[in-house]
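Here are a few exercises to work through at your own pace. Have a go at each task before you read its solution.

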Amino acid sequence: MQARLPAASTRLAGKVALVAGGGSSGPGWSIGKACCATLARHGATVCVLDARLDSARDALAAVQALGGKGVALQADVADPQAMQDAVQSIMAEYGRLDILQANAGIGKVGGPEDIDLADWERIQKVNVDSLVIASRLVLPIMREQGGGAIVAVSSVAGLRYLGYPHLAYNVTKAAVIQFARMIAQQYAPYGIRANTVVPGLIDTPRVRHTVARMFTADGDAEKAGAARARQVPMGRMGTPWEVANAVAFLASDEAAYITGTELVVDGGLIGKYA
Ligand code: NAP
């Protein structure tokens, strides 16, 4: 059975979450937007940050439709000043910050001879530098509070070669995993946990609109989706809700003894490449 929006709970009641890259690149449910709704469903206040304010507002509307609360913020996760302003505004509004979900991620197909160096640098900035930028803002707050949870979003592409050159994405998504592992070690004494969710092939608006163009000659989203589904041992792409459930678990006190590790949500995909 495919996961959908979970039943309401109080697992995250009283917690304030920042979902960085919480919008969606198109209509429907991205991973970040599903995470916003899921975290709200479990009682968290959700601060949705995205590069586009309309996108953040759309995810916030989903939170509010569930009876949740939060704010919509516009910032480029790779911009230290914009992120500082965003975190300051969260602290001014709510006075605490318990969960950072680092969800923003971009990529471009190509190997070392194809990729434009400007693209390489931008992917590095959005996928990796953003983690340094956000964590140096939230870690002192979490340390002062006596704890917190960071959930980074990597990809199976950070663990395996998936059959086509996607070098900047592969390398930066691997770095996401190592980043969380290192933070976990350094900050464990302060009650701060850091883990990574590793999604496989997930059915999101970006996949439908962008990945379809990249992987099929005619940009047919249905054909691209079916081709992606065939790669997965379970025979289907994952839903954003299935990733969001893993994020909510790692962000919650139910995962209180889990830090510095990866939770792979991929329908068995990476087992094929082991
Ligand atoms: P998505 O719809 O593109 O969601 C990411 C959101 O982050 C979008 O709203 C995007 O805005 C925003 N964003 C991008 N760059 C940003 C920046 N510099 N500052 C602030 N916000 C920014 O993609 P998704 O498919 O849900 O993927 C979400 C995450 O999961 C990504 O890290 C992705 O790499 C990872 N992932 C996805 C899959 C999959 O199959 N979908 C698999 C493995 C991992 P714009 O729309 O304006 O770019």
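**Exercise 1.** Find out how far a polar side-chain atom of T204 lies from an oxygen atom of the ligand.

*Solution.* Keep in mind that this is a predicted model. Start at the side chain of T204: one of its polar atoms is 2.7 Å from a ligand oxygen. Next, go to D76, where a polar side-chain atom sits 2.9 Å from a nitrogen atom of the ligand. Then try S25, whose backbone has a polar atom 3.1 Å from a ligand oxygen. Now for the cover: on its own the ligand has 870 Å² of accessible area, and the protein covers 92% of that.

**Exercise 2.** Work out which residues and helices surround the ligand.

*Solution.* Count the residues around the ligand and you get 32, with D50, N103, Y169, T204 and R206 coming nearest. Sort the shell by class: 13 nonpolar, twelve polar and seven charged. Then check the helices: helix 4 (117-145), helix 5 (167-187) and helix 6 (205-215) each give at least two shell residues.

**Exercise 3.** Explain why the ligand lies between domain 1 and domain 2.

*Solution.* First, look at the space the ligand takes up: that's the largest pocket. Then see who supplies the shell: domain 1 (16-200 + 239-265) and domain 2 (203-237) both give residues to it, so the ligand lies between them.

Technical notes
Residues are numbered from 1 along each chain as its sequence is written. This is a predicted model: local features need pLDDT of at least 70, side-chain atom pairs count only at pLDDT 80 or more; totals for chains, interfaces and linings use all residues. Side-chain values use heavy atoms; hydrogens and water are left out. A residue is near a molecule or strand if one of its heavy atoms lies within 4 Å of it. A polar contact is a pair of N or O atoms within 3.5 Å; within protein, one must be able to donate a hydrogen and the other to accept it, and residues adjacent in sequence count only if both atoms are side-chain atoms. Accessible areas come from the Shrake-Rupley method with a 1.4 Å probe; for residues, only the protein chains shown count as cover. On a 1 Å grid over the protein atoms alone, a cavity is a set of points where a 1.4 Å probe fits but cannot get out, and a pocket is an open set with protein on both sides within 12 Å along at least five of seven lines; lining residues have an atom within 4 Å of a point. A molecule sits in a cavity or pocket if more than half of its atoms lie within 2 Å of its grid points. Helices (H or I, at least four residues) and strands (E, at least two) are DSSP runs, numbered from the N terminus. Ala, Val, Leu, Ile, Met, Phe, Trp, Tyr, Cys and Pro count as nonpolar, Asp, Glu, Lys and Arg as charged, and the others, Gly among them, as polar. Domain bounds come from an automatic or database domain assignment.
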